[in-house]
Amino acid sequence: MCVVTHRTLSYNIVREAMLNVEESTIPWPIVGGVVGGVSLVLLLVLVLWCCCKKQIKGTKKGVPPRISELIKPKQFMHGVESCMNWEVTGFTPRMITITLILRRKGKEPQTLYEWNLKNNEDPLEYDEEGLLLNSSYVLDGNKKEDSITAAIAKCIQLFDGTFSVKCTITVCPDASEDDGAEVTLKVQHETLGKPLTPSVKLVIARVPPRISELSKTDQFTHGEESRTGWEVTGFTPRMITITLIVRRKGKEPQPLYEWNFKKNEDPLEYDEKGLLLNSSCILNGNKKEDSITASISKCVQLDDGTFSVKGMIIICPDASEDDGAEVTLKVHHESLKNPLASSVKLVIVGVAPTVTEIDLRPEIKHSEVASLSWSVTGFTPKPISIVFLLKRKGELKEKRLFHWRIPENGGIDDEAKMGSTALTDVRDRCEEDDAITTVTPHCVRKNNGTFSVNCSIWMTADMCRDDGAELIVEVYHKALKTPLTKTMALHVTGVPPQITEIKKPSEITPGELASLSWAVVGFSPRAISIVTFVKRKGEQKKKKVFHWRIPKKDGEPQEAKTASVPLENVTEGCEEDGSFTAVMPHYVRKNNGMFSVNCSVWMCADLSKDDGAELMVEVVHEALKVPLIGSVTLQVTDGGN
């Protein structure tokens, strides 16, 4: 007899057996012992099975699931696939629902996946990798969630009879959408009063933007439009600020344009050309920046989920303002500690000046104040140097009389923008000439951005000194490889002389000396010839008595060294006449630059031949087309006898 007693049994299990032993050659006692032992083992197994079955039936309410600690990466990177793992374990019965829920910032919770083990009798189907097949993918094709996918592994029964299932969530986050999103695993089971909802908040590492080099042409030319392109790419989230700044020489940086994407939910508005509308032009109408304009194209999302935006800067430079200016594109993004910047320095090819012809009458009269003017036009940038020189005949080197300039001052001043600005008069290397005066010229800015300078001088011409002199204008500018030169020769015409009335006594007494005098005045240049003739009654030909002229040296009139200089006596062709004597006259230069000669002769008259004679003075000068003649008739009386 076998008796089995257990605390789970309400009664003992008793089994009896009768053994009959017969004589045999077979060792029955041994066989019986083996069979009895086996039966006893089988009986014991049966009892244990019954006990386990009763125990399971006694726990019909089941065991609630537990969720393991989440296994996740230290950091989520935009566009980089990462895995998160949970395990739901220790539950029974097997009937369970597991739901994956996503809640993005500012949006309603969104159910992505749901796995259902409806009842214990449902067959479990798995794919080749052991992933559960009978799950439902909640989103339809129009709302497919590419950044988060999930799978649930094969549900297994543990040794204690409970079940366990592992969940794998694969995240390839988009920082613009998923940063700050909350991923929740919701577990529902009949043993739970309320679902288990462990969650994790996605903190996505931002992707900083990259900025391209500002493309540019080989050179910028004044007044000609050039385009400079740029691209800011590979950034996320989309929130970004892009600022265009210009810094001109000697001035503070000046923001021109700013484009803002304030938040991911902002609508992007574009015009017909795809240029962004929600940008701000910082300058107002009073300070409109005409030389630099810019636009930004449509912001696009790339295949990797990052964003890219392209822009164009249109530069129509003004060499006076923009040469040497620095144009900078500055990018602010939350992923950057310091803003990115890309710059280009504008080197503007200037416009070379031109010099007009020097405006001067073809002829200038001696001692006349003549105006000479010319213009330096169409140049930029503004800095320029203008030199006026004069080279007279016989001088080895020209004389620098005036030097005006606009120095390099880092830009154009407001005065020049509004009207004109005076040039600087540089006198340190100039020589003075009392005969030439000027006023400081002014620089004027034209509507096309180029500059112009009108120059004028006044000259009191001296025929002896200035006739044939060369006027020289030299212009220096950065757009010129060599100085620009304009020259002109002066032609100063003489002033014809005049003969005063020949003075004589009212009566000439025979045998007494009588003085006859006159003056040749107001002439220039000083080269002159004065001839005295006498023609007596009955004579058909006049008689040359005296011939004076200004001395010459090397073919040119001799320069007066003193207050008065004697004329040269030319005896050739002259005839002696006992009635006339004279002293050598002198020429004198007046303050106005004119010359004069005082002439005197003495006559010892003979009544028989000199009464009624004619004294003639003939003056030859280059300013006269024909000789100038003066004459007087002599009256000789016998004193009343």
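These exercises, each with a worked solution, concern a predicted model.

**Exercise 1. Overall make-up**

Task: State how many helices and strands the chain has, and what share of its residues is buried.

Solution.
- Step 1. Take the secondary structure. The chain has 6 helices and 52 strands.
- Step 2. Take burial. Of the 641 residues, 41% count as buried.
- Step 3. Take the surface. The accessible area comes to about 36600 Å², and 50% of this belongs to carbon and sulfur atoms.
- Step 4. Take sequence range. Among contacts between residues at least 6 apart in sequence, 61% join residues at least 24 apart.

**Exercise 2. A nonpolar patch**

Task: Find which residues make a nonpolar surface patch of about 400 Å², and classify valine 38 as buried, partly exposed or exposed.

Solution.
- Step 1. The patch is made by Ile30, Val34, Val38 and Leu42.
- Step 2. Place valine 38. This residue sits in helix H1, residues 28-57.
- Step 3. Apply the cut-offs. Buried is under 20% relative accessible area and exposed is over 50%. Valine 38 has 44%, so it is partly exposed.

**Exercise 3. The largest nonpolar core**

Task: Identify the residues with the most contacts inside the largest nonpolar core, then list the contacts of isoleucine 386 beyond four places in sequence.

Solution.
- Step 1. The largest core has 34 residues, and Trp374 and Ile386 have the most contacts inside it.
- Step 2. Find the suppliers. At least two core residues come from each of S29 (369-379), S30 (384-391), S31 (399-406), S36 (451-460) and S37 (470-476).
- Step 3. List the contacts. Leaving aside neighbours within four places, isoleucine 386 touches Trp374, Val376, Phe402, His403, Trp404, Leu423, Val453, Cys455, Val473 and Glu474.

**Exercise 4. Two open sheets**

Task: Give the strand order of the open sheet that contains S30 and of the one that contains S51, and name the edge strands.

Solution.
- Step 1. The sheet with S30 has 5 strands in the order S33-S31-S30-S37-S38, paired antiparallel. Its edges are S33 (424-425) and S38 (484-489), each paired on one side only.
- Step 2. Check one edge. S31 and S33 are joined by 2 bridges. Arginine 405 stands opposite threonine 424 there.
- Step 3. The sheet with S51 also has 5 strands, in the order S47-S43-S42-S51-S52, again antiparallel. Its edges are S47 (568-569) and S52 (628-633).
- Step 4. Check one edge. S51 (residues 614-620) pairs with S52 over 6 bridges. Glutamate 618 has isoleucine 629 as its bridge partner.

**Exercise 5. Strand S50 and its hairpin**

Task: Work out which strands pair with S50, including S41, S48 and S49, and decide whether methionine 594 is buried or exposed.

Solution.
- Step 1. S41 (residues 513-523) pairs antiparallel with S50 (residues 595-604) over 9 bridges. Serine 517 is matched with serine 600.
- Step 2. S48 (residues 580-582) joins S50 through 3 bridges. Threonine 581 faces tryptophan 602.
- Step 3. S49 (residues 586-589) joins S50 through 3 bridges too. Tyrosine 587 faces valine 597.
- Step 4. Go to the hairpin of S49 and S50. It has 5 residues between the strands, and glycine 593 takes a positive phi near 90°.
- Step 5. Methionine 594 lies in this loop. Its relative accessibility is 12%, so it counts as buried.
- Step 6. Look for its surroundings. Beyond four places in sequence, methionine 594 contacts His366, Ser367, Val495, Gly522, Phe523, Ser524, Val588 and Arg589. Serine 367 is 227 residues away along the chain, yet the C-alpha atoms are 7.6 Å apart.

**Exercise 6. Salt bridges**

Task: From the 18 salt bridges of the whole structure, describe the pairs of glutamate 357, arginine 549 and aspartate 466.

Solution.
- Step 1. Glutamate 357 pairs with lysine 486, with closest N and O atoms 3.3 Å apart. The pair links the loop between S27 and S28 to strand S38, 129 residues apart. Glutamate 357 has 56% relative accessible area, so it is exposed.
- Step 2. Arginine 549 meets glutamate 568 at 2.6 Å, N to O. This pair links S43 to S47, 19 residues apart. Arginine 549 is partly exposed at 37%, and glutamate 568 is partly exposed at 30%.
- Step 3. Shared partners join Arg392, Lys399, Asp433, Arg465 and Asp466 into one network of salt bridges.
- Step 4. Within it, aspartate 466 and arginine 465 have closest N and O atoms 3.5 Å apart. Aspartate 466 is buried at 0%, while arginine 465 is partly exposed at 37%.

Conventions. Residues are numbered from 1 along each chain as its sequence is written. This is a predicted model: local features need pLDDT of at least 70, side-chain atom pairs count only at pLDDT 80 or more; totals for chains, interfaces and linings use all residues. Side-chain values use heavy atoms; hydrogens and water are left out. Helices (H or I, at least four residues) and strands (E, at least two) are DSSP runs, numbered from the N terminus. Buried means under 20% relative accessible area, exposed over 50%, partly exposed in between (1.4 Å probe, protein chains only). Contact means heavy atoms within 4.5 Å. Accessible areas come from the Shrake-Rupley method with a 1.4 Å probe; for residues, only the protein chains shown count as cover. Patches are made of residues with over 30% relative accessible area and no salt bridge: like charges are joined within 9 Å, nonpolar side chains (Val, Leu, Ile, Met, Phe, Trp, Tyr) within 5 Å. A salt bridge is a side-chain nitrogen of Lys or Arg within 4 Å of a carboxyl oxygen of Asp or Glu. A nonpolar core is a set of buried Ala, Val, Leu, Ile, Met, Phe, Trp, Tyr and Cys residues joined through side-chain atoms within 4.5 Å. Two strands pair if DSSP finds at least two bridges between them.
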